[in-house]
Amino acid sequence: MHKTQNLRDLITEFTRTRDLEPKMLEQKVFVLWREYLKAPFGTKTVPVSLSNGVLKIYTEYPPFKNALLFYKQEIIADLNAELGETVLTDLRIEIRPGRKATPRDISHDPTAPKISDTPDASNTRAPTPEELDQVEQTVAGVTDTELKTSLRQLFITQSREKP
């Protein structure tokens, strides 16, 4: 135990004296992303970079982009609270159809999503905030989280396809 404590103290001192603490917090965002969002969002979205407080995220699923945008402020607040200080200021979510989204830090991660070759449906529209609110009200009574997530995704996808 004594050796472990000494090693921990050495690492802490090293990161403090080399001003590496901010970079370590930034890297922690990538780890927290998957833990915080859980499946399917945590596994179907990939954080790829963090610069000046802006976290860039790739996904191939337009409904996931819409849901992340809908909950953006809550996600930022929760992740910053977990980090203990303000590291994130914004999320930028990009849809990357037909490409494998591989961030630098987890490019060899077997759990990273494989982006398919199906093209993005460019003739769809983004759901309005009212439609997203209606979806949330509709699924509010569902207690099974996987079912709730699936229903939410289905309803958001359907609202995108309306003329």
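**A surface patch and a buried leucine**

Leu 7, Leu 10 and Ile 11 come together as a nonpolar patch on the surface, and between them they offer about 310 Å² of accessible area. One of these residues, Leu 10, belongs to helix H1, which covers residues 2-17. Leu 10 counts as exposed because its relative accessibility is 59%, and the cut-off for that label is over 50%. It's worth saying here that the model is a predicted one.

Now for the wider picture. The protein is built from seven helices and three strands. Starting at the N terminus, the elements run α-α-α-β-β-α-α-β-α-α. The protein has 163 residues, and 34% of them are buried. On the outside, about 10400 Å² is exposed, with 54% of that supplied by carbon and sulfur atoms. As for contacts between residues at least 6 apart in sequence, 60% link residues at least 24 apart.

What about a leucine on the inside? Leu 91 sits in strand E3, made up of residues 90-95. Its relative accessible area is just 2%, so Leu 91 is buried; the label applies to anything under 20%. Leaving aside residues up to four places away in sequence, Leu 91 touches Trp 33, Leu 55, Ile 57, Lys 72, Ile 75 and Ile 76. Take Ile 76 from that list: Leu 91 and Ile 76 are 15 residues apart along the chain, and their C-alpha atoms are separated by 7.7 Å.

Side by side, then, the two leucines get opposite labels: Leu 10 is exposed, while Leu 91 is buried.

How values were computed. Residues are numbered from 1 along each chain as its sequence is written. This is a predicted model: local features need pLDDT of at least 70, side-chain atom pairs count only at pLDDT 80 or more; totals for chains, interfaces and linings use all residues. Side-chain values use heavy atoms; hydrogens and water are left out. Helices (H or I, at least four residues) and strands (E, at least two) are DSSP runs, numbered from the N terminus. Buried means under 20% relative accessible area, exposed over 50%, partly exposed in between (1.4 Å probe, protein chains only). Contact means heavy atoms within 4.5 Å. Accessible areas come from the Shrake-Rupley method with a 1.4 Å probe; for residues, only the protein chains shown count as cover. Patches are made of residues with over 30% relative accessible area and no salt bridge: like charges are joined within 9 Å, nonpolar side chains (Val, Leu, Ile, Met, Phe, Trp, Tyr) within 5 Å. A salt bridge is a side-chain nitrogen of Lys or Arg within 4 Å of a carboxyl oxygen of Asp or Glu.
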